[in-house]
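Here is a short, friendly tour to read with the structure open beside you. It goes from the ligands to a helix, a few buried polar residues and a strand.

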Amino acid sequence: MCSGRVDLEFVLRAFSNGMDGVFIGGCRLNECNYITHGNYHALNMVLLCRKIMEHIGLNPERLKIAFMSSAEGILFAEVMSEFGSKVKELGPLGKGEGIDQNELKSKLAEITKLVPYIKLVKNEKLASRLENPEEYDKLFTKDEIDKLFSEVISYYIDPQKCQACMACAKRCPVEAIISAKNQVHVIDQEKCIKCGTCFEVCPPKFHAVTKITGAPVPPPIPEEKRTIVRKSKSKGERDKE
Ligand code: SF4
Ligand code: SF4
């Protein structure tokens, strides 16, 4: 219905499925029927995705966005014909760039996994409205994208500090926290979308969730060592409470 609905993940999925080019057609800018101006979101997403493609060695010209009204059939035909020729000239995805197919597959899978994180970190820019096409190339820079991937944030629960209060597991939006009563909680890094909620909700008195930037996460504590042995309180301590 709206080009703004075309998620970064859809484009990456198309490339992962072997498409040699992706075209997104949107209504003319500033002629959106709604107040949302979703076509600007689509434009920003394309500008970001093109930089990501460059980062992994793909030619960004394989992704195109154009804006036109439904009455502009001739323009649509011209744009598609030109894009079709461009994609043919670039050749099959990856082969045209000289990237090994398996390497490309794993790079695309890695990036796709990071889509929620990328959208969260670049939220502000993805919602911006650049009026001047000359500014498009400056919205996302190469250095910024290189940094985005070299400084990816991960979250880790320190087994020495976790008190199994379960607050993080209850709030995790993707059920990525392995949780049980009186058991040290563990983040399943494969499921984690790096939203940072666990970091925010872990009570300050425990401060068990740590943020790790651009470095590997320590391996999870073995299951047999997750039980928390609580010290029973002395009568004096209980009286104070
Ligand atoms: S960062 Fe978000 S997704 Fe990951 S474990 Fe914490 S709450 Fe869940
Ligand atoms: S919120 Fe903190 S203390 Fe509570 S279970 Fe999660 S990591 Fe452990």
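## Around the two ligands

Sorted by class, the residues in the shell around ligand 2 are 12 nonpolar, 2 polar and no charged. Please keep in mind as you read on that this is a predicted model. The shell of ligand 2 holds 14 residues, and those that come closest are Cys 162, Cys 165, Met 166, Cys 168 and Cys 202.

Now turn to ligand 1, which has 13 residues around it. Cys 172, Cys 192, Cys 195, Gly 196 and Cys 198 are the nearest of these. The class count for this shell is 10 nonpolar, 2 polar and 1 charged.

## Helix α1 and its covered face

Helix α1 spans residues 8–16, and its buried residues are Leu 8, Val 11, Leu 12, Ala 14 and Phe 15. Looking down the axis of α1, you will find these buried residues within an arc of 155°, so they line one face of the helix. What lies over them? The cover for the buried residues of α1 includes the strands β1 (22–26) and β2 (63–67), along with the helices α2 (38–55), α4 (101–113) and α5 (115–121).

Both ends of α1 deserve a look. At its start, Asp 7 places a side-chain oxygen within 2.9 Å of the backbone nitrogen of Glu 9. After the helix comes Gly 18, with a positive phi near 95°.

## His 37 and Asn 39

His 37 sits in the loop between β1 and α2. Is His 37 buried or exposed? Its relative accessibility is 16%, and because buried means under 20%, His 37 counts as buried. Beyond its neighbours within four places in sequence, His 37 is in contact with Asn 30, Cys 32 and Arg 129.

Asn 39 belongs to helix α2 and is buried too, at 3% relative accessibility. A polar atom of the Asn 39 side chain lies 3.1 Å from the backbone oxygen of Arg 28. With neighbours within four places in sequence again left out, the contacts of Asn 39 are Ser 3, Cys 27, Arg 28, Leu 29, Asn 30, Cys 32 and Phe 67. Asn 30 and Cys 32 thus appear in the contacts of His 37 and in those of Asn 39.

## Strand β3 and its partner

How many residues of strand β3 are buried? The strand covers residues 153–157, and 5 of its 5 residues are buried. In a regular strand, side chains alternate between the two faces of the sheet. In β3, Ile 153, Tyr 155 and Ile 157 point one way, while Ser 154 and Tyr 156 point the other way.

The partner here is strand β6 (residues 209–213), which pairs with β3 in the antiparallel sense over 5 bridges. If you would like a landmark in this pairing, Tyr 155 stands opposite Lys 211 in β6.

## Asp 158, in the loop after β3

Asp 158 has its place in the loop between β3 and α9 (167–171). With a relative accessible area of 18%, Asp 158 is buried. A polar atom of the Asp 158 side chain lies 2.9 Å from the backbone nitrogen of Gln 160.

For a longer reach along the chain, consider Asp 158 and Val 217. These two are 59 residues apart in sequence, and their C-alpha atoms are 11 Å apart in space.

Notes: Residues are numbered from 1 along each chain as its sequence is written. Chains are lettered from A and ligands numbered from 1 in the order in which they are written. This is a predicted model: local features need pLDDT of at least 70, side-chain atom pairs count only at pLDDT 80 or more; totals for chains, interfaces and linings use all residues. Side-chain values use heavy atoms; hydrogens and water are left out. Buried means under 20% relative accessible area, exposed over 50%, partly exposed in between (1.4 Å probe, protein chains only). Helices (H or I, at least four residues) and strands (E, at least two) are DSSP runs, numbered from the N terminus. The arc is that of the directions from the helix axis to the C-beta atoms. Contact means heavy atoms within 4.5 Å. A polar contact is a pair of N or O atoms within 3.5 Å; within protein, one must be able to donate a hydrogen and the other to accept it, and residues adjacent in sequence count only if both atoms are side-chain atoms. A residue is near a molecule or strand if one of its heavy atoms lies within 4 Å of it. Ala, Val, Leu, Ile, Met, Phe, Trp, Tyr, Cys and Pro count as nonpolar, Asp, Glu, Lys and Arg as charged, and the others, Gly among them, as polar. Two strands pair if DSSP finds at least two bridges between them.
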